[in-house]
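Me: I'd love a close look at one part of this model, with the rest brought in around that part. Could you walk me through it in one go?

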Amino acid sequence: MTRPIPACAALLALALSLPAAAQLKLPGAGASPGAPAAGGAAPAASAPKAAAASGTEEKEKAGQLAAAGWLTLLDRRDWGTAWETSASMFRNAVPLANWMEGAPKARADFGALVDRAPATVAYKDRLERMPPGDYVTVIFVSKFEKRGEVQELVTTVREPDGRWRVTGYSTR
């Protein structure tokens, strides 16, 4: 069941400007890249595919690490640092004053973090209504003292300086 999104979370979802479904159109389940074909022979282009998969995995790891670190700032109620370390497109969409007013309210009924684990990590080079780039969306299954289990959807982007930063956050 989806809960109403608090005002701040709505601002964060607006900063991302994406429906959740657009972020997570994962490739269908099937053979992994470079896996042998039905006849048992590996495809001729398996080495480039393996290299591409490795690059994607590296990006997913980096994006996931940035997302987890940013969530730690929210858990510590370090709202200012969370805003300052978010992506420029996030900061442009969510003014600091709105963030400082809305973020504490949005997280007030959560209580302390009990547990958090990534459930889904997906890399994309294009997201709807966003400029081309490197994006990683992570869904964390988090448990809080007051609210119980929550899915936290965090999207990161690799910015021109090469660092991964949060560009969107919402809960469901």
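At its relative accessibility, does Arg 129 count as buried or exposed? Please start there and then take me through the surroundings.

Reply: Happy to. Arg 129 counts as exposed, at 56% relative accessibility. Keep in mind that this is a predicted model.

Let's begin with the place of this residue in the chain. Arg 129 sits in the loop that links strand 1 (113–124) to strand 2 (135–144). Its backbone deserves a look too: phi of Arg 129 is near 60°, a positive value in a residue other than glycine. Most residues other than glycine have a negative phi. Arg 77 is another residue with a positive phi, about 65°, although it is not a glycine. Arg 77 belongs to the loop between helix 3 and helix 4 (79–84), and with a relative accessible area of 54% Arg 77 is exposed.

Back to Arg 129 and its side chain. Arg 129 meets the side chain of Glu 128 in a salt bridge, 3.6 Å from N to O. The two partners fall into separate accessibility classes: Glu 128 counts as partly exposed because its relative accessibility is 40%, whereas Arg 129 is exposed. This pair is one of 10 salt bridges in the structure.

Two further salt bridges make a nice comparison. Glu 101 pairs with Lys 105, with the closest N and O atoms 3.4 Å apart. These two residues are 4 residues apart in helix 6 (residues 96–107), so about one helical turn separates them. Both Glu 101 and Lys 105 are exposed. Glu 159 and Arg 165 also join their side chains in a salt bridge, at 2.8 Å from N to O, but here both residues are buried. Beyond these pairs, salt bridges with shared partners join Asp 75, Arg 107, Arg 116 and Glu 152 into one network.

Glu 152 is a good member of that network to follow inward. Glu 152 is found in strand 3 (residues 148–158), and with a relative accessible area of 0% Glu 152 is buried. The side chains of Glu 152 and Arg 116 are joined by a polar contact of 2.9 Å. Leaving out residues up to four places away in sequence, Glu 152 touches a set of residues that includes Arg 107 and Arg 116 from the network, along with Leu 71, Val 138, Phe 140, Phe 144 and Tyr 169.

Tyr 169 brings us to the aromatic residues. Together with Trp 70, Phe 90 and Trp 99, Tyr 169 forms one aromatic cluster. The count of aromatic pairs comes to 5. One of them joins Trp 70 and Trp 99 in a tilted arrangement, with 6.0 Å from centre to centre and 40° between the planes. Trp 70 lies in helix 3 (residues 46–75) and Trp 99 in helix 6, so this pair ties together parts that are 29 residues apart in sequence. Both rings belong to buried residues: Trp 70 has 2% relative accessibility, and Trp 99 has a relative accessible area of 1%.

Now for the wider setting. The protein has 6 helices and 4 strands, and from the N terminus on the elements run α-α-α-α-α-α-β-β-β-β. The loop that holds Arg 129 therefore falls within the β part of that order, between strand 1 and strand 2. Of the 172 residues, 36% count as buried. The protein exposes about 9,300 Å², and carbon and sulfur atoms supply 55% of that area. Among contacts with a separation of 6 or more, 57% are between residues 24 or more positions apart.

A last word on confidence. The average pLDDT of the protein is 79, and 69% of the residues score at least 70. Over residues 1–46 pLDDT stays under 50, and the model has 62 contacts beyond four places in sequence for that stretch.

To return to your starting point, Arg 129 is an exposed loop residue with a positive phi and a salt bridge to Glu 128.

Notes:
Residues are numbered from 1 along each chain as its sequence is written. This is a predicted model: local features need pLDDT of at least 70, side-chain atom pairs count only at pLDDT 80 or more; totals for chains, interfaces and linings use all residues. Side-chain values use heavy atoms; hydrogens and water are left out. A salt bridge is a side-chain nitrogen of Lys or Arg within 4 Å of a carboxyl oxygen of Asp or Glu. Buried means under 20% relative accessible area, exposed over 50%, partly exposed in between (1.4 Å probe, protein chains only). Contact means heavy atoms within 4.5 Å. Accessible areas come from the Shrake-Rupley method with a 1.4 Å probe; for residues, only the protein chains shown count as cover. Rings of Phe, Tyr and Trp (its six-membered ring) pair if their centres lie within 6.5 Å; planes under 30 degrees apart count as stacked, over 60 as edge-to-face and the rest as tilted. pLDDT is the predictor's confidence in each residue, from 0 to 100. A polar contact is a pair of N or O atoms within 3.5 Å; within protein, one must be able to donate a hydrogen and the other to accept it, and residues adjacent in sequence count only if both atoms are side-chain atoms.
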